[in-house]
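Please look over the structure below. The report covers its ligand site and two of its sheets.

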Amino acid sequence: AQTAETPQWRPAYHFTPKKNWTNDPNGLIFLDGQYQLYYQHNPFENKWGHMSWGHATTTDFVHWKHLPVAIPEIVTKDTTTWIYSGSAVLDKDNTSGFGKNGKPPVVAIFTADQPTQHKESQFIAYSNDGGMSYTQYAKNPVIDLNKRDFRDPNVWWHEGTKQWIMTVAMVDEHMVRIYGSKNLKEWTKLSDFGPAGYAKNGWECPFMVPLAVDGDKSKIKWMLSVSSGGDHGPLMQYFVGDFDGTTFKSDNPTGTVFSIDNGDTFYAGIPWRVEGKSTLLGWLQNGHPETSPWKGQMSIPRDLSLRTTADGVRLFQQPSSVIQNSLNKLSKSHAEISKKTIGDDLKLPQAGSSNSYWIEAEFSLNDAKQAGFKIAQSADGQKTITVGYDVTKQQLFIDCSSAEKDNKSKENLIQTTELKITGGTVKLQLLVDRSSVELFGNNGEKVISTMIYPDVTATGVSAFGAGAKITRLKVWDMGK
Ligand code: FRU
């Protein structure tokens, strides 16, 4: 049966396909002044299947141009090949020889999944029209280990060793295999990383980026990320360490697991690498209820950095500066509140009336036990979602227990993560977009993302935390 359309859950400032299914972001690359997004897509149905690379571009991360499917599934008389996750690079120096008329090619490197053969191998395809359409390389596969589960190549140019580097998942071995290549066609195994950290479930979608510690470009550390199922849903764990052009060595203390996002939805993220900056985009997984005529959406893109905390060097994430710097332009209206002590819950009509807004706030906690926001409040006051900081528990939290009982497993109704604060203040960035909530604590030291499914009329928002003081709060109405 056709699911009724659900416009109340269609995000206003996050990416969704116009219609039909998406999961992982693919190929993230910046070309000709535009951020290119390819994505796992079923062009025919609103469920997983017929995997192909959908395509969209943006300059501001909010307005997306939807383009035709860039790499469709390959169906022949005896084989079906699905285009699974992977990446794309601009081959500036035409190392692959796929360039035409002096114009460098764009090369996509992805997993060819052949469901009837129970096989995954790595393919490449090239584009001579700026990433709009691709031709499959005649001698595919470029890496074939005759395996069932071997996927998600992420490729970038490593200036130090003048070669392309690939990280790819040895799914069942819980390993990341690292390959090198001079021409994107012939690949040499360099090393393996793992198993390490959380290795209970299959590893997918690895990637590695160099990040300056505390903004100091002479102190580079590498961050390696791996997606897998965690104990309560998706987990993207990360390792901080060193990469010498061959081997990744993790500094993570044994037995610890660092997660990029502490909610139940953020998964399969990979970065744009633009002028030395790494901007992570993830898929926000949703189970039920169904949405229609699309299913699946992307997170807000997040700029990555490493900072020294009391516990060691950790990943920090901030909503992309491309959006942050133009919020006033991108929103319908905005407002600011400062130096206000909270008594009764403080209504925020400035957030608009469509559950699509962006709030940045700093609270002086004083003797409040908790402070934050009550969002998606139903008109009758029966349902709300509470997000904020718990002073006693030293936790950032999203509490969906009054509103999402039918949609989340019991252990995911309240999602929390430890966050230590100093000086009695906490900074919250809260991005609500109809069906998604992304909460950044203390400049993105910790993040929790989750999906919500409020009624169309459940749009009330207020700040709470009797006794706490809002030192500064800005709210942007992002509704269309
Ligand atoms: C992750 C994933 C990848 C795979 C793709 C298939 O969500 O399972 O490992 O390439 O989705 O759609």
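The text starts with the basis of the model, then takes the ligand and the sheets in turn.

This is a predicted model, in which local features need pLDDT of at least 70, side-chain atom pairs count only at pLDDT 80 or more, and totals for chains, interfaces and linings use all residues. Residues are numbered from 1 along each chain as its sequence is written, and side-chain values use heavy atoms, with hydrogens and water left out.

**The ligand site**

Which residues surround the ligand? They are Asn23, Asp24, Gln40, Trp48, Tyr84, Ser85, Arg151, Asp152, Glu204, Tyr267 and Trp283. A residue counts as near if one of its heavy atoms lies within 4 Å of the molecule. By class, this shell holds four nonpolar, three polar and four charged residues. Here Ala, Val, Leu, Ile, Met, Phe, Trp, Tyr, Cys and Pro count as nonpolar, Asp, Glu, Lys and Arg as charged, and the others, Gly among them, as polar.

Polar side-chain atoms of the shell approach oxygen atoms of the ligand. A polar contact is a pair of N or O atoms within 3.5 Å.

| Residue | Distance from side-chain polar atom to ligand oxygen |
|---|---|
| Asn23 | 3.1 Å |
| Gln40 | 2.7 Å |
| Arg151 | 2.8 Å |

Taken alone, the ligand exposes 320 Å², and the protein buries 91% of that. These areas come from the Shrake-Rupley method with a 1.4 Å probe. β1, β6 (80-90) and β11 (150-158) are the elements that give two or more residues to the shell. Strands are DSSP runs (E, at least two residues), numbered from the N terminus.

**The five-stranded sheet**

One open sheet has five strands in the order β4-β3-β2-β1-β22, with mixed pairing. Its edge strands are β4 (65-71) and β22 (294-295), each pairing on one side only. Two strands pair if DSSP finds at least two bridges between them. β1 (residues 20-31) and β2 (residues 34-41) run antiparallel and are joined by six bridges. Leucine 31 has glutamine 34 of β2 as its bridge partner.

**The four-stranded sheet**

A further open sheet has four strands in the order β11-β12-β13-β14, with antiparallel pairing. The edges are β11 and β14 (188-193), and each pairs on one side only. On average, neighbouring strands of this sheet are turned by 25° against each other, direction ignored. The axes are lines fitted to C-alpha atoms. Seven bridges join β11 to β12 (residues 163-170), and the two run antiparallel. Arginine 151 has alanine 169 of β12 as its bridge partner. The side chain of arginine 151 also reaches a ligand oxygen, at 2.8 Å.

How values were computed. A polar contact is a pair of N or O atoms within 3.5 Å; within protein, one must be able to donate a hydrogen and the other to accept it, and residues adjacent in sequence count only if both atoms are side-chain atoms. Axes are lines fitted to C-alpha atoms, for helices over the stretch in contact, and angles run from 0 to 180 degrees between N-to-C directions.
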